[in-house]
Amino acid sequence: MTLTWVLGSRGLLGSAFCRALRLDGATVFAPAERFSWTDEAQLASQIDAAVDAFSLQARQASRWEIYWAAGIGTMGSAEESLEPEVRALASLIRRIQSNDVLMTMPGALVLASSAGAIYASSKDEVITENSVPAPNSAYARAKLRQEDLLRAFGAAHPQVSVLLARISTLYGAGQAVGKAQGLLTHMARSIVRNRPVGIYVPIDTIRDYISVDDAACEIIGTLREPSLWPGVLLKIVASGRPTTIAEIISIFKRISRKPPKITTGVSKASSLYQRKIQFQSIVGNGKRLSQARSLGVGIHQILSAERAAHANPEKTSK
């Protein structure tokens, strides 16, 4: 039995991890209380208690896995606002290292980060795991520091597999209301509510969009490929299908059967985004993502979810 723990389980990616892990037959651990991410002292205490509780359950398992999908930072976040998240991950790692149960068992640590942020200034035509990071934001630099923490941990504890998952542009139903992320969700909500769709980058901007459920399955599946382990592994998680914003607008128009009301402009973060970013992973077998859902299917799912949420606002997550 594999015991798993997803930090950030209420978020878009974290909830997808939980769904996929349960389907995979894993047991998903839940801490006794919700973490207080805005209170560092309390958070450190909560992490300590949760690791202890996790290790007690792990005694009955053959393997443990911890997925870090937590964080409230975005591309526009200031450096000082990201420091508590880095320190929280460092606290988790220290607590795991001092736990005799976890350190004598096979285990895995997974860190999810944004490939678009880490390679934001890359000049590579197609970005792979061999591409050199080229961050241009405090958010990306903080993620690279988190990766360094896990690399050091993995080097010191080879019995624990470490997966650094750099994910392209995620989308999916249920993205947080009010968080400045998620073009597809923003467009779907605007169309359902008959509001203008604000776009703050050129419509020929190219991105690689991947369903959050497909991304979660790819990351978990990578952990299940014996030929890749043990060790520290860097993995780009992307659909491999670059798409322009103009194409996305066209898909929304076709599926919703009405043209979106588009407004354009410039935001403070616009300068942080490249016109074109294309990804291709050269790590792993690649079979899972070859069967991933198309963008048209994914957009249809988002629109359906937003219509249901609009019709039943009392059930919409706050």
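**Cavity, sheet and pocket: a quick Q&A**

Q: How do the residues lining the largest cavity divide into nonpolar, polar and charged?
A: Ala, Val, Leu, Ile, Met, Phe, Trp, Tyr, Cys and Pro count as nonpolar, Asp, Glu, Lys and Arg as charged, and the others, Gly among them, as polar. Heads up: this is a predicted model, where local features need pLDDT of at least 70 and side-chain atom pairs pLDDT 80 or more, while totals for chains, interfaces and linings use all residues. Numbering starts from 1 along each chain as its sequence is written, and side-chain values use heavy atoms, with hydrogens and water left out. On that basis, the lining splits into 5 nonpolar, 4 polar and no charged.

Q: What is the volume of the largest cavity?
A: A cavity here is a set of points on a 1 Å grid over the protein atoms alone where a 1.4 Å probe fits but cannot get out; lining residues have an atom within 4 Å of a point. Points are joined across faces, edges and corners, and a volume is the space filled by probe spheres set on them. Searching the whole structure turns up 1 cavity of 30 Å³ or more. The largest cavity comes out at about 30 Å³.

Q: Which two elements each supply at least two residues of that cavity's lining?
A: Helices (H or I, at least four residues) and strands (E, at least two) are DSSP runs numbered from the N terminus. The lining includes T169, L170, Y171, L184 and T185. The elements that each give at least two residues are strand 6 and helix 7.

Q: Is T185 buried or exposed?
A: T185 sits in helix 7, residues 183-192, and also helps line the largest cavity. Beyond its neighbours within four places in sequence, T185 is in contact (heavy atoms within 4.5 Å) with G172, Q175, I302 and E306. Buried means under 20% relative accessible area, exposed over 50%, and partly exposed in between, using a 1.4 Å probe and protein chains only. T185 has 3% relative accessibility, so it counts as buried.

Q: Which strands are the edge strands of the 6-8-10 sheet?
A: Two strands pair if DSSP finds at least two bridges between them. The 3 strands form an open sheet in the order 6-8-10, with mixed pairing. Each edge strand pairs on one side only, and they are strand 6 (169-171) and strand 10 (242-244).

Q: At about what angle does helix 9 run to strand 10?
A: Axes are lines fitted to C-alpha atoms, for helices over the stretch in contact, and angles run from 0 to 180 degrees between N-to-C directions. Helix 8 (residues 212-223) lies across strand 6 and strand 8, at about 75° to strand 8. Helix 9 (residues 245-256) lies across strand 8 and strand 10, and its angle to strand 10 is about 75°.

Q: How far apart in space are V201 and G265, C-alpha to C-alpha?
A: V201 lies in the loop between strand 7 (197-199) and strand 8. V201 is in contact with I245 and G265, leaving aside its neighbours within four places in sequence. V201 and G265 are 64 residues apart in sequence, but their C-alpha spacing is 7.4 Å.

Q: What is the bridge partner of A165 in strand 9?
A: Strand 9 (residues 232-237) has 5 of its 6 residues buried, so it is largely enclosed by the rest of the structure. Strand 5 (residues 160-167) pairs with strand 9 in the parallel sense over 6 bridges. In strand 9, A165 has as its bridge partner K235.

Terms used
On a 1 Å grid over the protein atoms alone, a cavity is a set of points where a 1.4 Å probe fits but cannot get out, and a pocket is an open set with protein on both sides within 12 Å along at least five of seven lines; lining residues have an atom within 4 Å of a point.
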